[in-house]
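Let's take a walk through this one, starting at the ligand and working outwards to the residues around it.

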Amino acid sequence: MSLLSAINTDNLPRHLAIIMDGNGRWAKQQGMLRAFGHENGTKSVKTTVEACAKLGIENLTLYAFSTENWNRPKLEVDTLMKLLINSLKKELETLIKNNIRLNSIGNFESLPKSVQKELSEVIERTKNNTRMTLTLALSYGSREEIINAVKKITTKVKNNIISIDSIDESIINNHLYTHNLPDVDLVIRTSGEHRISNFLLWQIAYAEFYFIDVLWPDFSEENLYEAIISYQKRERRFGKTSEQIK
Ligand code: IPE
Ligand code: IPE
Ligand code: MG
């Protein structure tokens, strides 16, 4: 029996973020080049996106390419950018059919023009969709995001648009790439690594974590359900005592 029936749809993470890791190791296990792992990783993306939408998750954020990933060999970076363009082209219909809105976070300007163009088009064509917001973190680095926010906020202070005393959590939130998204409730990282790798550092302040040894191309719907079931068994206290929560 599928684990799906064990999920309480009244207690889903409102914002699920996934660090999709392990494509390279998966390919190596098959005696193939890393590109083969990335290609197969796109299948897990499709399965996960559709399963999340079906479940009723409102916000899904996928870490697809970090600011640090630019330091990989040029051939691998080029392959990833090509795969991204192809997936955007291929999956536009899937997004429309499932009423999913595409969003992106990260340093948009640093992406190749061809990626910018395709991404803008899919974002535009899905902008009125309401079932789920799918955010791709592309050329994304949390520290860069925070630096940009600090620059924007200090410029406003300098120009007397806001006062120093008015700076609070909501002002910081409003200057992040994620300004229109709620805080992250659950982070899943595949491949057995237990680290954050510069992902959503501010937004995960009270997130729950789920680390799974499965490599991203092998990540299945059932693995997603396992993660959500684990999340639903936890007591989120936000600093309070257990008695206060009950
Ligand atoms: C995740 O898989 C995809 C990206 C970071 C773009 P990796 O490419 O990091 O795979 P491993 O971690 O080397 O196995
Ligand atoms: C994190 O994976 C980035 C993405 C999944 C896009 P990496 O494979 O780049 O992370 P590290 O370098 O192992 O921490
Ligand atoms: Mg990796």
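**Around the ligand**

Start with a backbone N or O atom of Arg-25, which sits 2.7 Å from an oxygen atom of ligand 1. Keep in mind that this is a predicted model, so treat the distances as computed values. Asn-23 also offers a polar backbone atom, 3.1 Å from an oxygen atom of ligand 1. With Arg-34 it's the side chain that does the job: one of its N or O atoms is 2.9 Å from a ligand 1 oxygen. On its own, ligand 1 would expose 380 Å², and the protein buries 87% of that.

Now zoom out a little. Ligand 1 has 13 residues around it, and the closest are Asp-21, Gly-24, Arg-25, Arg-34 and Arg-72.

Asp-21 deserves a second look, as an unreviewed UniProt entry annotates Asp-21 and Asn-69 as "active site". The two span 49 residues in sequence, but their C-alpha atoms are no more than 12.1 Å apart, so they gather at one spot. Both Asp-21 and Asn-69 are also part of the lining of the largest pocket.

Where do Asp-21 and Asn-69 sit along the chain? Asp-21 is in the loop that links strand S1 (15–19) to helix H1 (23–29), while Asn-69 is in the loop between strand S2 (59–66) and helix H3 (74–97). Asp-21 has 16% relative accessibility, which is under the 20% cut-off, so it counts as buried. Asn-69, at 17%, counts as buried too.

Finally, check who touches Asp-21 from further along the sequence. Beyond its neighbours within four places, Asp-21 is in contact with Arg-189, Thr-190, Ser-191, Glu-193, Leu-215 and Trp-216.

Methods:
Residues numbered from 1 in each chain as written. Chains lettered and ligands numbered in written order. Predicted model: local features only at pLDDT ≥ 70, side-chain atom pairs only at ≥ 80, totals over all residues. Heavy atoms only, no water. UniProt positions renumbered as here; feature names shortened; annotations may be inferred. 1 Å grid on protein atoms, 1.4 Å probe; cavity = no way out; pocket = protein on both sides within 12 Å on 5 of 7 lines; lining within 4 Å. Helix = DSSP H or I, 4+ residues; strand = E, 2+ residues; numbered from the N terminus. Buried < 20%, exposed > 50% of the residue type's maximum accessible area, 1.4 Å probe, protein only. Contact = heavy atoms within 4.5 Å. Near = heavy atom within 4 Å. Polar contact = N/O pair within 3.5 Å; in protein donor to acceptor, adjacent residues only side chain to side chain. Areas by Shrake-Rupley, 256 points an atom, 1.4 Å probe, with all protein chains shown as cover.
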